[in-house]
Every structure is written in structure tokens, then in C-alpha cells.
Amino acid sequence: MIFMFRDFDYENKPVVDIVNEMIIDAINRNASDIHFDPTEDALNVRIRIDGELLEYAKVPNFVKKNLLTRIKIISGMNITETRLPQDGAIKNLTSDIDLDLRVSSLPIVDGEKIVIRILNYKMSSAGLENLGLTEKNLEKIRRLISLPNGIIMVAGATGSGKSTTVYAMLQILNTVERNIITVEDPVEMKIPGINQVQVMSEIGLTFGNTLRSILRQDPDVIMIGEIRDNETARIAVRASITGHLVLSTIHTNNSLTTIERLLDMDVERYLLGSALTGIISQRLVKRLCPKCRTERATSPFEKTLFKQALGKDVEKIYAPNGCNDCIHGYLGRIALHEILIINQEVRDAIVNNAPKSELRNLVYKKSDVSSLLQDGLDKVIEGITSIDEIFRVIDVEDDIDEDDIDLKNAFIGKLTNQNGETSTPVAPNNETVEIDTL
């Protein structure tokens with residue numbers, strides 16, 4: 001699939017048809033987002049495929065306003081309001097395609113920027129087995145959701161597939177014997193058999209108020225779309241202690257930072273230590289195209305990294321190449337996971353306000369957790385993704401052993417030399433390491 005820049009017949013083709021074609025074409029290309037960026041001269045359209053934004057089209061000025069207005073109309077926005085941000089949704093654009101699109105507008109200096117998010121929950125419906133989990137991690141999640149109470153947190157950045165994982169767990173829990181209630185903003189995927197509540201803060205239907213009401217609805221499982229504030233965190237913890245299984249998401253990097261973030265939200269240590277049962281941290285990386293990936297020898301630096309992180313001697317790995325079936329050597333994405341089941345030692349450390357170094361040691365050295373780095377490197381060895389993708393999405397420096405000074409220095413994104421200028425990091429043996437800023 002060679003990505004092609006589109007040129008529409010803006011003079012003769014109706015704007016309605018152009019908008020429909022852009023959206024349907026983006027869906028067919030498995031895009032996750034469509035960006036409409038106004039400039040002084042034109043409207044630049046970009047689509048995000050496998051996490052990468054690509055130029056798609058350039059809309060001339062004489063069509064720009066009509067095209068943006070059309071998007072606002074079909075998404076239910078106020079077309080006369082251009083000074084404030086708005087949110088909307090597009091459903092059933094055509095009779096042939098069942099769509100669920102979220103639309104957001106943002107006033108910028110050159111007009112209104114609009115982003116359409118294409119929600120695709122085919123992976124959730126396909127089940128946990130299709131989310132790229134190792135057998136060990138899959139068994140951990142099954143153990144967590146079999147518990148009668150406690151909090152399971154799914155952590156990661158925006159767009160890292162947290163909702164997909166949560167919905168996949170709900171699909172398993174969704175039986176006639178369980179009363180499952182969710183509180184979400186927005187409700188992203190409707191699931192038959194589950195009671196889903198849409199938050200509406202403007203009328204007082206907040207996360208906090210809804211959660212208090214939910215606890216009087218005899219729930220077995222509660223799903224909170226996102227832990228956003230102190231009140232929501234405290235209510236979620238108390239709900240789990242009173243005998244409910246609680247699932248939620250949070251914007252943190254890994255297991256350790258998730259614990260710290262929850263404590264920052266004024267959740268009492270003794271309650272968090274009792275309530276927290278597991279943390280699932282994840283990132284999305286691009287898959288190597290199986291048709292054109294090329295094998296190469298590992299560098300001395302990479303060999304050291306594999307040896308330290310996995311205890312393995314790795315001589316060869318795969319790298320992206322590029323062909324007619326992919327984009328820059330990649331095709332699709334897969335998740336990396338770090339799954340921590342909270343044991344008694346970690347609980348005690350949380351309750352007793354143990355220093356971060358001790359908590360880190362308990363999480364990553366004295367438990368059976370595989371870090372995001374380890375899971376990513378295993379997928380590099382299997383030829384699923386590339387080492388460059390691991391560097392792109394993971395703060396590798398933070399995962400390296402504190403005692404390995406040389407290896408840690410090699411992963412500093414930008415070193416300051418004696419002249420105060422930035423330079424490329426250098427690995428042991430004076431080997432240059434080209435990585436993204438961490």
C-alpha cells in the first residue's frame with residue numbers, strides 16, 4: 001500500500017461528496033484520525049495511519065469554509081460558533097457503513113482546526129487473545145478479572161489502546177450473573193448487557209455524582225472511563241473495598257508512576273494498598289511488514305541491551321524496508337504490555353510510605369513483571385517490530401539498571417557538550433546510537 005496524495009475536483013464536485021469520500025477513504029486505509037489544518041493559503045488535510053500523520057490532501061481557500069461547515073453540520077455542532085471549541089459525533093454517514101466518529105473543533109489563528117477520530121473496536125470484540133499479549137501476560141489478566149473485588153488500572157498515553165483493553169475485559173466479564181455499570185465520557189462502544197452511563201457535567205452528571213448513585217444500584221463490576229481527579233479516585237477506591245471489581249484507565253507511563261499518581265490524588269495509603277489489585281501499562285508500536293522486513297546484525301550496543309534486559313545473546317534482528325503493501329516498512333500496530341499483580345510486599349510498601357527506590361525494586365526486581373522494555377525487546381526478537389519503534393515509545397533510559405552507567409549514558413536523548421551544544425548520544429565502543437528524544 002503506497003500512500004498516495006489525493007487531489008479532488010474541488011471546482012465541480014459537491015462539498016458533501018468530497019467530505020464523504022475523504023472520511024470513507026480514511027476508514028478504508030485503516031486511519032485512526034483525520035486532521036483538517038487551516039492555513040492562510042489553504043486547508044491541509046492529514047490522516048494518521050499506524051500512529052503516523054501523513055499528508056492526504058490540500059483544499060483550496062475557496063472551498064475551505066464550506067468543507068469545514070459541512071463537517072460541523074453532520075457532527076451536530078453549532079455552525080455559527082467559531083470562537084469556542086466544540087465536540088460532536090458522526091454516525092451513519094452512509095447506509096452502507098456503520099460509523100462511530102468523534103469530532104472536535106478548535107479555534108486557531110487561521111480558522112478552525114477540526115479533528116475526526118475514527119473509533120474502531122474490532123480488536124476489543126475479537127477478544128484478549130488478539131491484543132498481542134504473551135501467554136504469561138494473558139494469564140495475568142485472566143487472574144485479575146477473576147477476582148471478586150479490587151481495582152484494575154489500565155495505564156498509558158492518549159491513543160495507546162487503553163479503552164480497547166478495558167472493553168476486551170468487559171466482554172469476558174459480561175455475563176447474565178453480573179450487574180456491570182460503566183460511567184464514561186463519552187461512551188465509546190455500546191455493549192449489549194452492560195449498563196453504560198454518559199457523563200454530562202453541564203447538568204451536574206459528573207463522574208463523582210454518577211459513581212455515588214452507581215453504588216446504590218447493586219453493581220458487581222464498575223468501569224470508570226478515566227480516573228481524572230481526586231474525587232473520582234477516592235470513590236473508586238472505596239467502591240472496590242466494599243466488594244466491587246473496578247476497572248479504569250489513567251494517563252501514566254508504567255506501574256510505578258501509576259501508584260505515585262494515585263497517591264498524589266489524595267487516596268489514603270492504607271486504602272490504596274488494600275484496593276489496588278493490578279496495573280496494566282501499555283504502548284502501541286508499529287508492526288514490521290512481514291513481506292519486506294530485512295534481517296540485519298545487531299550492533300554491539302544492541303547486544304548489550306538485549307543481554308542486560310533479557311539475558312539473551314541476540315545476533316540478528318529485523319529492520320523496516322518498504323514495499324507496495326506497507327508504509328515505510330510498517331503495516332498495522334501491536335501493543336506492548338507491562339502487567340503487575342500487586343503482591344503483599346508491594347501493598348506493605350505502599351501503606352508504609354516506602355521510598356521510591358524500594359518500591360521500584362519490589363515492582364521490577366522482586367515480582368514476576370515483564371517491563372515494557374522487556375516485552376518490546378521480545379517482540380523485536382520475534383520480528384514483530386523494530387528496535388527503532390521501541391526507542392520511539394519507551395523511556396528506555398528509565399528501564400536500564402542504575403549500575404550500568406555506560407548504557408544509561410548512551411540513552412540520554414541529547415547530551416550537552418562542553419560548548420553547550422547538543423550532540424548525538426554515543427554508546428560503548430564509540431558507536432553512534434540514533435534514537436528519538438526520550
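## Helix ends, aromatic pairs and cysteines

Asn-254 caps the N-terminal end of helix α8, with a side-chain oxygen 3.2 Å from the backbone nitrogen of Leu-256 (a polar contact is a pair of N or O atoms within 3.5 Å; within protein, one must be able to donate a hydrogen and the other to accept it, and residues adjacent in sequence count only if both atoms are side-chain atoms). Heads-up: this is a predicted model, where local features need pLDDT of at least 70 and side-chain atom pairs count only at pLDDT 80 or more, while totals for chains, interfaces and linings use all residues. Residues are numbered from 1 along each chain as its sequence is written, and side-chain values use heavy atoms, with hydrogens and water left out.

**Helices α8 and α13**

- Helix α8 runs over residues 255–264 (helices, H or I with at least four residues, and strands, E with at least two, are DSSP runs numbered from the N terminus).
- Ser-255, Leu-256, Thr-258, Ile-259, Leu-262 and Leu-263 are the residues listed as buried in α8 (buried means under 20% relative accessible area, exposed over 50%, partly exposed in between, with a 1.4 Å probe and protein chains only).
- Those buried residues span an arc of only 165° around the axis, so they end up on the same side of α8 (the arc is taken over the directions from the helix axis to the C-beta atoms).
- Past the end of α8 comes Asp-266, with a positive phi near 65°.
- Over in α13, residues 372–381, most of the helix is covered: seven of its ten residues are buried.
- The buried set in α13 is made up of Leu-372, Leu-373, Asp-375, Gly-376, Leu-377, Lys-379 and Val-380.
- Gly-383, just after α13, has a positive phi too, at about 80°.

**Aromatic rings**

- There are two aromatic pairs in the structure (Phe, Tyr and Trp rings, the six-membered one for Trp, pair if their centres lie within 6.5 Å; planes under 30 degrees apart count as stacked, over 60 as edge-to-face and the rest as tilted).
- Phe-8 and Tyr-56 have ring centres 6.2 Å apart and planes at 55°, so this pair goes down as tilted.
- That pair ties together distant parts of the chain: Phe-8 sits in the segment before α1 (15–28), Tyr-56 is in strand β3 (residues 52–60), and 48 residues separate them.
- Both Phe-8 and Tyr-56 are buried.
- Add Tyr-10 to Phe-8 and Tyr-56 and you have one aromatic cluster.

**Backbone oddities in loops**

- Going from Asp-185 to Pro-186, the peptide bond is cis, with omega near 0°.
- You'll find Pro-186 in the loop between β8 (180–184) and β9 (195–198).
- Asp-218 isn't a glycine, yet its phi is positive, near 55°.
- Asp-218 belongs to the loop between α6 (207–214) and β10 (221–224), and it counts as exposed because its relative accessibility is 60%.
- His-328 also has a positive phi without being a glycine, at about 55°.
- The loop between β14 (316–319) and β15 (330–341) is where His-328 sits, exposed with a relative accessible area of 52%.

**Cysteines**

- The disulfide count is zero (a disulfide is a pair of cysteine sulfur atoms within 2.5 Å).
- For Cys-292, the closest cysteine sulfur is that of Cys-326 at 3.6 Å, so it's too far for a bond.
- For Cys-323, the closest cysteine sulfur also belongs to Cys-326, at 3.7 Å, and that's too far for a bond as well.
- Cys-292 is buried at 8% relative accessible area, whereas Cys-323 is partly exposed at 24%.

**Two buried residues and who they touch**

- Thr-232 lies in helix α7 (residues 230–241), and at 0% relative accessible area it's buried.
- The side chains of Thr-232 and Asp-229 make a polar contact of 2.7 Å.
- Setting aside neighbours within four places in sequence, Thr-232 is in contact with Phe-207, Leu-211, Ile-224, Glu-226 and Ile-227 (contact means heavy atoms within 4.5 Å).
- Ile-191 is in the loop between β8 and β9, and it's buried too, with a relative accessible area of 6%.
- Not counting residues up to four places away in sequence, Ile-191 touches Tyr-167, Leu-170, Gln-171, Asn-174 and Gln-196.
- Ile-191 and Leu-170 are 21 residues apart along the chain, and their C-alpha atoms are separated by 8.8 Å.
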